[in-house]
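Work through the following exercises with the sequence and the model at hand, and try each task before reading its solution.

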Amino acid sequence: MIEEKQADEMYSELFTALDTDGFGQIEAENLYVVSSAMGWSESQVNDLISQLDPNHSDSFNFQEFILILKFIDEKQLAATASKRSI
């Protein structure tokens, strides 16, 4: 499992790559790209965005981005653990 410091560095690099205009925000459409690569469906991402973007700005700063990716990681780990126990 990736250590938290390594994960944060990876998230930072990913955020920088997705922050194409350099304003410190990424758009929801970029989040779809990342989350689909992590195995999430568009409807799951829509649900997540509605939960974590209460002002409906459809953009996320770095802290919000980390929360989203950690949430996705935790859900995937839980799903993997659940499958192993069956």
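**Exercise 1. A residue in a loop**

Where is the place of Asp58 in the chain? Determine also its backbone geometry and its degree of exposure.

Solution. The model is a predicted one, and every value below is computed from it. Begin with the location: Asp58 belongs to the loop that runs between H3 and strand S2, the latter spanning 59–60. Next, consider the backbone, where Asp58 shows a positive phi of about 60 degrees even though it is not a glycine. Finally, turn to exposure: the relative accessible area of Asp58 is 41%, and because partly exposed covers the range between 20% and 50%, Asp58 falls in that class.

**Exercise 2. Charge on the surface**

Identify which residues gather with Asp58 in a patch of negative charge on the surface, and then describe the setting of Glu27.

Solution. The patch brings together Asp21, Glu27, Glu29 and Asp58. Of these members, Glu27 is found in strand S1, which covers residues 26–27. Glu27 has a relative accessibility of 35%, and therefore counts as partly exposed. The neighbouring position in the strand offers a contrast: Ile26 also lies in S1, but with 0% relative accessibility Ile26 counts as buried.

**Exercise 3. The salt bridge**

Which side chains meet in a salt bridge, and which parts of the chain does the pair link?

Solution. The principle is that side chains of opposite charge can pair when their charged atoms come close. With a cut-off of 4 Å between a side-chain nitrogen of Lys or Arg and a carboxyl oxygen of Asp or Glu, the count comes to one salt bridge. The partners are Asp8 and Lys70, with 3.5 Å from N to O. The pair links distant parts of the chain, since Asp8 sits in helix H1 and Lys70 in helix H4, 62 residues apart. As to exposure, Asp8 counts as partly exposed at 25% relative accessibility, and Lys70, with a relative accessible area of 24%, is partly exposed as well.

**Exercise 4. The nonpolar core**

Which residues touch the most other members of the largest nonpolar core, and which helix gives the most to this core?

Solution. The largest nonpolar core holds 19 residues, and those touching the most other members are Phe60, Phe65, Leu69 and Ile72. Helix H1 (4–18), helix H2 (28–37), helix H3 (42–52) and helix H4 (62–85) each supply at least two residues of this core. The greatest contribution comes from H4, with five residues.

**Exercise 5. Sequence separation and distance in space**

For the pairs Ile26 and Glu64, Thr20 and Leu67, and Glu42 and Asp21, state the separation in sequence and in space, C-alpha to C-alpha.

Solution. Take the pairs one by one. Ile26 and Glu64 are separated by 38 residues in sequence and by 9.9 Å in space. For Thr20 and Leu67 the values are 47 residues and 20 Å. For Glu42 and Asp21 they are 21 residues and 24 Å. To place two of these residues, note that Thr20 lies in the loop between H1 and S1 and counts as exposed at 72% relative accessibility, while Glu42 lies in helix H3 and counts as exposed at 57%.

Note on methods. Residues numbered from 1 in each chain as written. Predicted model: local features only at pLDDT ≥ 70, side-chain atom pairs only at ≥ 80, totals over all residues. Heavy atoms only, no water. Patch = residues over 30% accessible without salt bridge, like charges linked within 9 Å, V, L, I, M, F, W, Y side chains within 5 Å. Areas by Shrake-Rupley, 256 points an atom, 1.4 Å probe, with all protein chains shown as cover. Lys, Arg positive; Asp, Glu negative; His and termini not counted. Charge placed at Lys NZ, Arg CZ, Asp CG, Glu CD. Helix = DSSP H or I, 4+ residues; strand = E, 2+ residues; numbered from the N terminus. Buried < 20%, exposed > 50% of the residue type's maximum accessible area, 1.4 Å probe, protein only. Core = buried A, V, L, I, M, F, W, Y, C linked by side-chain atoms within 4.5 Å.
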